[in-house]
Amino acid sequence: MARNIDSAKRVINGTWGELYLDGEKVAETTGFQAKISQSKSKINLCGQFMTDHKATNGEGSGSITMYHVDSGMLQRLEGMQDGVDRRFTLLSALKDPDSYGAERIALYNVSFDDLTLADWKAATVGQITAAFTFTRMQLLDEIEVQG
């Protein structure tokens with residue numbers, strides 16, 4: 001966690017983010033989120049009034065928001081209606097020129113939850129949100145804590 005922020009310019013701006021799907025840049029990306037959540041069991045300990053918790057498993061999930069430019073996602077997930085569960089690797093790269101560095105995170109075994117076939121409205125820019133799950137992540141480049 002940041003110990004010091006010498007200037008507001010050090011706060012990372014998502015405009016500089018890039019996303020790659022199996023090594024191919026997803027140029028239409030406007031937003032990306034990935035997170036790991038834990039499932040926990042309640043543990044009551046004798047001599048301790050407050051309930052504690054034990055992590056029992058975890059889940060990786062996220063979403064990509066993108067402009068609807070072409071049929072790329074439809075093509076990639078074409079077999080979904082026939083039960084095909086294609087798996088991908090996502091790479092998130094974020095490098096604001098004013099930040100202390102760059103951050104790259106790889107997500108493995110990515111499986112998309114659904115596929116938007118059509119979603120449009122007059123006088124509205126077309127966007128698609130694609131939710132997904134994953135089983136592994138790897139921090140490839142990290143922004144160092146500044147003192």
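In this predicted model, the rings of Phe32, Phe88, Phe112, Phe132 and Phe134 come together as one aromatic cluster. The count of aromatic pairs comes to 4. One of them joins Phe112 and Phe132, whose ring centres lie 6.0 Å apart with 70° between the planes, an edge-to-face arrangement. Phe112 belongs to strand E6 (residues 103-112) and Phe132 to strand E7 (residues 127-134), so this pair ties together parts that are 20 residues apart in sequence. Both Phe112 and Phe132 are buried.

Phe132 also has a partner in Phe134. Here the ring centres are 6.3 Å apart and the planes meet at 45°, so the pair is tilted. Like Phe132, Phe134 is buried.

Stepping back to the whole protein chain, 1 helix and 8 strands can be picked out. Following the sequence from its start, the reader meets them in the order β-β-β-β-α-β-β-β-β. The radius of gyration is 19 Å, well over the 15 Å that the globule rule gives for 147 residues, so the protein chain is more spread out than a compact globule. Its C-alpha trace spans about 60 × 45 × 30 Å along the principal axes.

Of the 147 residues, 21% count as buried. Among contacts with a separation of 6 or more, 69% are between residues 24 or more positions apart. The accessible surface of the protein chain is about 10,400 Å², and carbon and sulfur atoms contribute 49% of it. As for charge, the protein chain carries 15 positive and 20 negative charges, and the mean positions of these two groups are 7 Å apart.

Methods:
Residues numbered from 1 in each chain as written. Predicted model: local features only at pLDDT ≥ 70, side-chain atom pairs only at ≥ 80, totals over all residues. Heavy atoms only, no water. Helix = DSSP H or I, 4+ residues; strand = E, 2+ residues; numbered from the N terminus. Rg over C-alpha atoms; globule rule 2.2 N^0.38 Å. Buried < 20%, exposed > 50% of the residue type's maximum accessible area, 1.4 Å probe, protein only. Contact = heavy atoms within 4.5 Å. Areas by Shrake-Rupley, 256 points an atom, 1.4 Å probe, with all protein chains shown as cover. Lys, Arg positive; Asp, Glu negative; His and termini not counted. Charge placed at Lys NZ, Arg CZ, Asp CG, Glu CD. Phe/Tyr/Trp six-rings, centres within 6.5 Å; stacked < 30°, edge-to-face > 60°.
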